[in-house]
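Hello,

Here is the structure I promised to hand over. Please have a look at it first, and then read on for what I found.

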Amino acid sequence: MRRRHLLLAGCLALPVALGAYAQAEAERQLDAAIERLRAGLGPDGAVEWRSRSVDPATGTARLQGLTIRQGKDRLTAAEVVLDGLQADRLGRAVLTDLRMEEAKRADAPAPMVIAAGRVSFVNLVLPAAGAGPGVDWSALAAGEALAEGIRVENPGRGEAELARLSLAGYAPGRVQDAVLEGFRFTDRSDGEVSIRLGRAQLAGAVVPRIGADRDPWALAADSARIEGAELVVQSQQVSMRLGRMQLDGWGEGRLTSFALEGLKVEGETKEAGPFVAELGRAGLSGFPARDTAYAIAHDLNPPQPIPGQDQDGMLEGLAVSTAGAPLLRIATVRARNSWDATAPRTQTGTLAVEGVALDLPPEQGGDWLDGLGFKRILARLGMESRFLQDQGRILADPFLLQAAGMGSLGISLDLGGIQMPTPGQPSVAKEDPLALIANWTIGGLSIRYTEEGLLRALLAQQAARERVPESQLRARYAQMVQRFPVPGVAQGKEAPQIRAIREALASFARDLGTIEIAMRPAKPVPMPAFMTLAGQPPEQLVRELGLTARATPPAR
């Protein structure tokens, strides 16, 4: 019976003994952690608290009224709760009513203050700095971190607020996921600038280590997202609002996709008065955005498209208005750079701009267009091109601009001698802009215009003003073309090629349909030589460039 009593007493005493051991170990770890913190603060640092306690069952440590000082900088917390405290790590830490106050600067009326309602860490790793008791902050890691109710006050400059900041999977130089919500910032140092941000998220990011030099070009991220952003600059009377922006794949050697929605910019200028610009959607994909930006910033040749990799761009719902009146609208813009699967090393490009509406202000051509019977310009634009890399040749066929009820303009171009600069090498374009085109040649050029109402409206206006029939005006212009003198050539003695061009232009003047002027030289003309041809005799110019003109009457 006595043995049973001893066994029962031992069972009851064991938890008490283990609890006492756990409490003692937790006390020892807490003392060691405080000592490490003091060592890291240096000789002018101090760590103080109003009370402290350690739960004998769980080892949870609590510090009430914590104050940490380093010189004139001070941090206070109403309560600090620590769990799983070890020599170089912490299972969980929760700080409530946190307040940080830095030393007052000479140019500030009061010290800057940072306050937070609650800050917590999970699985915090604090490696030692060498053999001493200090912490190597550059090697800090955290499984999770959360800060809520943050406010920063910088007297004389401005203030900022942040509802919530969460972080998951932080290792030295890397962040698995970070989310910011409810951010507001106001800067009053030079006028007032305010920024609001509903939500921002960063995933799979490479960031500088704590205390390391900041190299913006070393930053990388799998994705970054911004929602509900607003910027107001009162001194410039400009505001910008953004619904959403998404960026995927930023970093050296990576292809980037970019998407934007709901952009609106409002402001006022002395020249145009109040203006509003809105953009429904925009996007890019397949571009080495970081490497291209780096090349431009450092005057290097940008990276070239990757064979087999398409590059796309789009824009929808662009609208610009001034003084409350519409100025420009574009329904869609779509562009693509692709590769021809049937022709090796051949790039293909397409551009389509649809739903263009241009309303010119009265004083900038609006009244003139209105007098011709056009309230606005409704247009579309398109282009198709091919780049044959092995031949160094670009074919643009056609570039087409169509204005509804006015006319259409088409341009076809054959350029040769295109040498793409080696990526990463110093760019010569900045010092010598013409260096890139020095070896270019022109193998052909065609300009084609089809009249659909603009020239007829001009003729009708002139005929009404002069009180003559339109047919008489057409005949007059046709006669002017046929009698226009050719320098160095007697009237009627021109070469057959020049007479054919005259006749085509005169035919177009008499019956407004389509006129096409083409340049088809026997062999490609070097660009430097082409730029000096204007001084050549007309007959030689027509002969060497293979100039022709052809008029087609309008469809009846």
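Which residues is threonine 346 in contact with, leaving aside its neighbours within four places in sequence? They are Ser338, Trp339, Asp340, Arg386, Phe387 and Leu388. Before going further, please keep in mind that this is a predicted model. Threonine 346 belongs to strand 17, which covers residues 346–358. Its relative accessible area is 5%, and buried means under 20%, so threonine 346 counts as buried.

Next, the helices, beginning with helix 4.

Helix 4 has 13 residues. From its first C-alpha to its last it reaches 18 Å, close to the 18 Å expected at 1.5 Å a residue. Its buried residues are Ala457, Leu459, Gln462 and Ala463, and these pack against helix 5. Right after helix 4 comes arginine 467, with a positive phi near 60°. Arginine 467 is not a glycine, despite that positive phi. You will find arginine 467 in the loop between helix 4 and helix 5. With a relative accessible area of 79%, arginine 467 is exposed.

On the other side of that loop is helix 5, made of the 14 residues 470–483. At 1.5 Å a residue, helix 5 should span 20 Å, and its end C-alpha atoms are indeed 20 Å apart, so the two values agree. Leu473, Arg474 and Ala478 are buried in helix 5. These three cover an arc of only 135° around the axis, so they sit on the same side of helix 5. The buried residues of helix 5 pack against two partners, helix 4 (454–466) and helix 6 (496–510).

How do these helices lie against each other? Two packed helices are described by the angle between their axes and the distance between the axes.

For helix 4 and helix 5, the axes come within 9 Å and cross at roughly 110°. Angles of 65 to 115 degrees count as roughly perpendicular, and helix 4 is therefore roughly perpendicular to helix 5. On the helix 4 side, the meeting residues are Arg456, Leu459, Ala460, Gln462, Ala463 and Glu466. On the helix 5 side they are Glu470, Leu473, Arg474, Arg476 and Tyr477. Sorted by character, the residues of this contact between helix 4 and helix 5 are 5 nonpolar, 1 polar and 5 charged.

For helix 5 and helix 6, the axes come within 8 Å and cross at roughly 170°. Angles over 145 degrees count as roughly antiparallel, and helix 5 and helix 6 are therefore roughly antiparallel to each other. Helix 5 contributes Arg474, Tyr477, Ala478, Val481, Gln482 and Arg483 to the contact. Helix 6 contributes Arg502, Glu503, Leu505, Ala506, Ala509 and Arg510. The residues of the contact of helix 5 with helix 6 divide into 6 nonpolar, 1 polar and 5 charged.

Between helix 5 and helix 6 there is a loop that holds alanine 495. Is alanine 495 buried or exposed? At a relative accessible area of 16%, alanine 495 is buried. Alanine 495 and proline 172 are separated by 323 residues in sequence and by 79 Å in space, C-alpha to C-alpha.

Now to the strands again, with two residues of strand 6.

Strand 6 runs over residues 113–125 and includes alanine 115. Alanine 115 has 26% relative accessibility and so counts as partly exposed. Not counting residues up to four places away in sequence, alanine 115 touches Leu98, Arg99, Gly149, Ile150 and Arg151. Glutamate 153 is 38 residues from alanine 115 along the chain, while their C-alpha atoms are 8.6 Å apart.

Asparagine 123 is also in strand 6. Although asparagine 123 is not a glycine, its phi is positive, at about 55°. Asparagine 123 is partly exposed, with a relative accessible area of 49%.

One last item concerns a peptide bond. Where should you look for a cis peptide bond? Look between aspartate 397 and proline 398, where omega is about -10°. Proline 398 has its place in strand 19, residues 393–403.

Happy exploring, and best wishes!

Key: Residues numbered from 1 in each chain as written. Predicted model: local features only at pLDDT ≥ 70, side-chain atom pairs only at ≥ 80, totals over all residues. Heavy atoms only, no water. Helix = DSSP H or I, 4+ residues; strand = E, 2+ residues; numbered from the N terminus. Expected span 1.5 Å × (residues − 1). Buried < 20%, exposed > 50% of the residue type's maximum accessible area, 1.4 Å probe, protein only. Arc of directions from axis to C-beta. Contact = heavy atoms within 4.5 Å. Axes fitted to C-alpha atoms, helices over the stretch in contact; angles between N-to-C directions. Parallel < 35°, antiparallel > 145°, perpendicular 65-115°, else oblique. Nonpolar A, V, L, I, M, F, W, Y, C, P; charged D, E, K, R; others polar.
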